[in-house]
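Biologist: Please take me through one part of this model in detail: the places where chain C meets its neighbours. I would like one connected account rather than a list.

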Amino acid sequence: MSTDATTDGDGEAQDGATIRLARHHLEEYLNALNALVDEAVIRITDTGLETRAVDPANVGMVGVDLSNTAFTENYAGEATFGINTRKLGALVERLDTAFLDLDYDAEFRKATIGCGPYTYTHATTNPDHVRNEPDIPDMDLSFKATVNSDQLREAVEWFDEFTTHIRMGYAPDDGEFWMKADERMSGNKIGTDDGEWRLDRSELGYVDRCGRADSQFSIDFLRDMARAIPEDRPVTIRIGEEFPMKLTYEVGWEETGANEGFAHGEVTFFLAPRIQSD
Amino acid sequence: MSTDATTDGDGEAQDGATIRLARHHLEEYLNALNALVDEAVIRITDTGLETRAVDPANVGMVGVDLSNTAFTENYAGEATFGINTRKLGALVERLDTAFLDLDYDAEFRKATIGCGPYTYTHATTNPDHVRNEPDIPDMDLSFKATVNSDQLREAVEWFDEFTTHIRMGYAPDDGEFWMKADERMSGNKIGTDDGEWRLDRSELGYVDRCGRADSQFSIDFLRDMARAIPEDRPVTIRIGEEFPMKLTYEVGWEETGANEGFAHGEVTFFLAPRIQSD
Amino acid sequence: MSTDATTDGDGEAQDGATIRLARHHLEEYLNALNALVDEAVIRITDTGLETRAVDPANVGMVGVDLSNTAFTENYAGEATFGINTRKLGALVERLDTAFLDLDYDAEFRKATIGCGPYTYTHATTNPDHVRNEPDIPDMDLSFKATVNSDQLREAVEWFDEFTTHIRMGYAPDDGEFWMKADERMSGNKIGTDDGEWRLDRSELGYVDRCGRADSQFSIDFLRDMARAIPEDRPVTIRIGEEFPMKLTYEVGWEETGANEGFAHGEVTFFLAPRIQSD
């Protein structure tokens, strides 16, 4: 690792950085990014790892934060660099070790992943040449509740069998959280080949806000997001009326005892609504 | 559900209908149809569910009957409607519940499948616009015996590795039930790359008729049929000399105790022989 | 089986032959051949089964020997014939029996594989029309050690994710056996997207020779070879400096007790180095 301070495209001085973390924590991190993008900027700061990325069509954003508490040792330095998230995701997935080292050499702009017998040296991209890191907007959304990631993924994959868009919403009067495919209704009084999925409020996890919500989303984006979420985890869904969706879930889980533990990080997906043109 | 009597294309009055049944019973029902067709007519009568369908090339027919004893409650009404069997098959397969409700709304010609949080509303087809429902002929076939569905499927998939047609038969003198690939023999005294599969009469299940049989069939049709049959079930095979084949097996199995139970329904596959042109 | 002596293309007289062996022993035999070729010559001699084959590009060779101690009964005769290794490999893999019979009929040049209800009769090729059986050269290679087949396969598949060639070697000073992808370094002082895999001498199995070694190989060939090796077996690797590689492993394993047994045969892969043109 080079510790000489160098200067990146912004004229910002930076050192190299070296961290060690659980392999599956980095895998979850990259999986979340790969739901939306092929390349992204990784920031190693004194508080941890951080990425903000937006998909090429500006429909979805993803933010991932992993606290420095997830780093087991060797923690040193700060760095900002662009990576090919697909390539690193595929290589990290194939490794079969508990931990790995991630090192950034600021002088030669190389990121190195090492674990057991394996070492991979990646020529990083200048962060200025990667799509801008977005600010994920704070929004006041009328519905917020928690569902299980498996239940969400199964429902979204079921809709993916027959539709390209769904509406998602909450009906306060009925106390129902729902998704439905209704694109085929336009210009046709009688809905045909519609699909619906409804959960009673009592079947949801923690319900924080329960105002009326009803927005349309692309099933392709939603499916890729749902598949990136680890199995059997709580996911917090926030939606509004013709507003974006926010999905948040914890990553970097550390077991501290039987059914006990805590998360070192969090993923936020942001998905723009599809505004109906009729 | 609409209970207003309406009139279908035949001028035949019909009500709507609502039934509840085990999800895997409907899955087996649709799997059998999907071995041969993409769309079919479902008849809900006072005795149960019933479908007869023929493949577009008129080579295979399938008949499925599921008794009303398979319906657990809510049973009401009669109905006849055409469905897209592939689409409903794929959606029913993804559901993860024990039971589902099938409802037909005669007024709007909609079939609705509901279970747990899921509801799917299918715009049915006018039965008059689906290929005619065939009568599966009764035939006097010289051989009739039972084999295990796994043994049949493995043998058929093995032949599918290297041939497009097989002959199937029974040799009373040798007491052997056999399949063989012999299409490559034509015009060649010495058979090359032939495959054979032989079971001694003692290795068959119940043997009801054991006259000489020898007929040629398409391996593609036979493979699709064999794959639709649930695992580890007895299948009754009936064949003759240059005659069609009949395969029958039970569906809608209900467990009533340890290794005890009974079937609510039956599938019949009918496969025309390929007549040799030499 | 014909026992009349006949004459093959070489004017060499031969009888037919009949052997019985464990199905998975023949499967391992054919898997090794299918790593490199589509067709090959099988020799049944009084010492066992034997094949030598070279791939169409003359980059890799494979030799397989299975001793007659692997034959359980019926052993009789000698024969030499060409087979389609892919076709027989696919058919033998689908069979689900412990043993099978391999019979060669010299008069009609037919090889027959039989087991349980299945019989497959293969029209063999004249051995003179199959690519010449190579002599696998004896070579004095500077490094020879044993690794686990799973460890080798996982590493080779990892490299296959991002490169087409690797260098493999041993560094006596560091006591390290290594593979690395370095094709992208040419004309570029700083290696980018390089991958390395290193095992300390202490992590290897038996180390027989530990001289300096460093040679380049095609990842495609190496991957196909590594995938043909049964799981969790020791593989002996021999390499030199810009020299071919030899991989050898045992096949035809027979269990004689808890964690005890012996091998009836051996596979040798020979892989030519890719000479760097810079």
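Modeller: Happy to. One term is needed first: a polar contact here is a pair of N or O atoms within 3.5 Å, where, within protein, one atom must be able to donate a hydrogen and the other to accept it, and residues adjacent in sequence count only if both atoms are side-chain atoms. Please also keep in mind that this is a predicted model.

Let us start with the side where chain C meets chain A. Across that interface there are six residue pairs in polar contact, with both residues of each pair at pLDDT 80 or more. Two elements of chain C, helix 3 (149-160) and strand 15 (194-200), each bring at least two residues to the side that touches chain A. Strand 15 of chain C gives the most, with six residues. Sorted by class, this side of chain C holds eight charged, six nonpolar and three polar residues.

In total, 17 residues of chain C and 14 residues of chain A take part in the contact. Together the two chains bury about 1400 Å², and 56% of that area lies on carbon and sulfur atoms. Charged pairs are present too: chain C and chain A share two salt bridges. In one of these, C:Glu161 pairs with A:Arg94, and their closest N and O atoms are 2.9 Å apart.

The backbone joins in as well. Strand 15 of chain C runs antiparallel to strand 11 (residues 118-123) of chain A, and four bridges link the two strands. At one point along this pairing, C:Glu196 in strand 15 is the bridge partner of A:Thr119.

How are these two copies arranged? Chain C is superposed on chain A by a rotation of 120° with 0.1 Å of shift along the axis, at an RMSD of 0.0 Å. The two copies are therefore related as by a three-fold rotation axis.

Now turn to the contact between chain C and chain B. Here chain C contributes 14 residues, facing 17 residues of chain B. The area buried between chain B and chain C is about 1400 Å², with 55% coming from carbon and sulfur atoms. Two salt bridges cross this interface. In one, C:Arg94 is the partner of B:Glu161, with 2.9 Å between the closest N and O atoms. Polar contacts between chain B and chain C number six residue pairs, both residues being at pLDDT 80 or more.

On the chain B side, helix 3 (149-160) and strand 15 (194-200) are the elements giving two or more residues to the surface that touches chain C. Strand 15 of chain B supplies the largest share, six residues. By class, that side of chain B divides into six nonpolar, three polar and eight charged residues.

Strand pairing appears at this contact too: strand 11 (residues 118-123) of chain C and strand 15 of chain B run antiparallel, joined by four bridges. Within strand 11, C:Thr119 is the bridge partner of B:Glu196. As for the arrangement of this pair, a rotation of 120° with a shift of 0.1 Å along its axis places chain B on chain C, with an RMSD of 0.0 Å.

To pull the picture together, chain C offers strand 15 to strand 11 of chain A, and its own strand 11 to strand 15 of chain B.

Conventions
Residues numbered from 1 in each chain as written. Chains lettered and ligands numbered in written order. Predicted model: local features only at pLDDT ≥ 70, side-chain atom pairs only at ≥ 80, totals over all residues. Heavy atoms only, no water. Least-squares fit on C-alpha atoms with pLDDT ≥ 70 in both. Contact = heavy atoms within 4.5 Å. Buried area = accessible area lost by both parts, 1.4 Å probe. Salt bridge = Lys/Arg side-chain N within 4 Å of Asp/Glu carboxyl O. Nonpolar A, V, L, I, M, F, W, Y, C, P; charged D, E, K, R; others polar. Pairing = 2+ DSSP bridges.
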